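Please open the model in your viewer and keep the sequence panel beside it, since each stop on this tour begins with a selection.

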Amino acid sequence: MKTRIAVVGTGGVGGFLGGLLARFYEHSDEAEIYFVSRGQALRNIRERGLLVDAQEGRFTARPKAATDSPAEIGEMDYVLYCTKSYDVEGAVGQLLPCIGPHTVVLPFMNGVDGAERIRRMLPATEVWDGCVYVVAYIVSPGHIAEHTNGYRYLFGSATGDPARLAELERIFERAGIRARLEADIVRRVWDKFAFISTVATSTSYTDKTYGGVLGDPADRADLDSLLAEFQTVAAAKGIVLSEGIAGKVIAQMERIPADTTTSMQRDFRTGRTTELESLTGYVVREGRRLGVPTPTYDRMYESLRGR
């Protein structure tokens, strides 16, 4: 019996991962890949397939089916949730026809609250943790570009079924996807969150590039304060971050082109819905809940909320 996998969201993260899966398993007896998408992207995928410009070259991926109505495809073995974090509750509610007693949900999202929110909505469902390191974006609806120096999809679960975890890792490996099962997935998720939370907050607040923030003494001092506050909140939650995480965040910023901006910053510029609540507000709220002062986060959060 074929393993049924739904990839929810055909933006950069989901489109690239789903494209790799759909390309490999299009004529396979092992797995069927489904896309849950919407709008013009869905129409284009149905008509011509998903076009992916990857580092390895261009390819077209054709899933078993693409839909905006999960009831059309039914219960899945795995649901790979790859959308923005601001409407988890609404999106998961629409996905209920795909969720059965044996379904595993694996979110690949920014922030750390996505999996927590999904677990609250689906208390009887196995929900794993995941994080992704990929530079991928929408060129046009149904057309994804990936430009990463060694992308990685990491996933795991301290309480998940070991056989299911190993099965999904094999599915990724057979497709040649750089996806790895991580025993210490919580630390990896929070290490990434240390970067995206502080850097997205800083760049959005200042509306400066990476180089602009690092090159301004006042902005750099604020960034250092964000990193310190982040580590204090994480420690209060019992999260163990990698040693020297603040220095690693700065070093990573310095390796990235100086004119780089963050996704949240670009969303603020263009007036789109942002991930402010998941990337900045979450740290503020957890600080208050745990009695940990976060004055720099508070100041930037209130300013950004005003926009």
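Begin by selecting Leu 168 in this predicted model; setting aside residues up to four places away in sequence, Leu 168 touches Ile 5, Tyr 78, Leu 80, Leu 106, Trp 128 and Phe 155. A second, separate core, which is worth colouring differently from what you have just selected, has 39 residues and includes Ile 185, Val 189, Phe 230 and Ile 250. Leu 168 itself belongs to the largest nonpolar core, which has 40 residues and in which Leu 21, Leu 80 and Leu 168 are those with the most contacts. To see which helix gives the most to this core, select residues 12–25, that is helix α1, which contributes 6 residues.

Now turn to the sheet. Select the strands in the order β5-β2-β1-β6-β7-β8, and you will have an open sheet of 6 strands with parallel pairing. Its edges are β5 (65–67) and β8 (126–127), each of which pairs on one side only.

Within the sheet, select strand β6 (residues 78–81), which pairs with strand β1 (residues 3–8) in the parallel sense over 4 bridges. Two of the residue pairs can be picked out here: Tyr 78 in β6 is the bridge partner of Ile 5, and Leu 80 in β6 is the bridge partner of Val 7. With strand β7 (residues 104–107), β6 likewise pairs in the parallel sense over 4 bridges, and Val 79 stands opposite Val 105 in β7.

Stay with β6 and show its side chains. In a regular strand the side chains alternate between the two faces of the sheet. In β6, Tyr 78 and Leu 80 lie on one side and Val 79 and Tyr 81 on the other, and as all of these residues are buried, both faces are covered.

For a wider view, select residues 5–157, where UniProt, in an unreviewed entry, places the feature "domain: Ketopantoate reductase N-terminal". Over this range the chain is 26% helix and 34% strand, and the end C-alpha atoms are 18 Å apart.

Next, select helix α8 (residues 217–236), whose 20 residues should span 28 Å at 1.5 Å a residue; the end C-alpha atoms are 29 Å apart, which agrees. At the start of α8, zoom in on Asp 216, a side-chain oxygen of which reaches to within 2.9 Å of the backbone nitrogen of Ala 218. Just after α8, Gly 238 takes a positive phi of about 85 degrees.

Which residues of α8 are buried? They are Asp 219, Asp 222, Leu 223, Leu 226, Leu 227, Glu 229, Phe 230, Val 233 and Ala 234. An α-helix has 3.6 residues a turn, so residues three or four places apart point the same way. The buried residues of α8 pack against α6 (185–206), α7 (210–215), α9, α11 (276–290) and α12 (295–305).

Two loops complete the tour. In the loop between α6 and α7, select Asp 207, which has a positive phi of about 55 degrees although it is not a glycine, and which is partly exposed, with a relative accessible area of 37%.

Finally, select Thr 262, in the loop between α9 (245–255) and α10 (263–270). Is Thr 262 buried or exposed? Thr 262 is buried, because its relative accessible area is 8%, under the 20% cut-off. Leaving aside neighbours within four places in sequence, Thr 262 is in contact with Val 199, Ala 200, Thr 203, Ser 204 and Tyr 210, and its side chain makes a polar contact of 2.8 Å with the side chain of Thr 203.

Conventions: Residues numbered from 1 in each chain as written. Predicted model: local features only at pLDDT ≥ 70, side-chain atom pairs only at ≥ 80, totals over all residues. Heavy atoms only, no water. Buried < 20%, exposed > 50% of the residue type's maximum accessible area, 1.4 Å probe, protein only. Polar contact = N/O pair within 3.5 Å; in protein donor to acceptor, adjacent residues only side chain to side chain. Contact = heavy atoms within 4.5 Å. UniProt positions renumbered as here; feature names shortened; annotations may be inferred. Expected span 1.5 Å × (residues − 1). Core = buried A, V, L, I, M, F, W, Y, C linked by side-chain atoms within 4.5 Å. Pairing = 2+ DSSP bridges.
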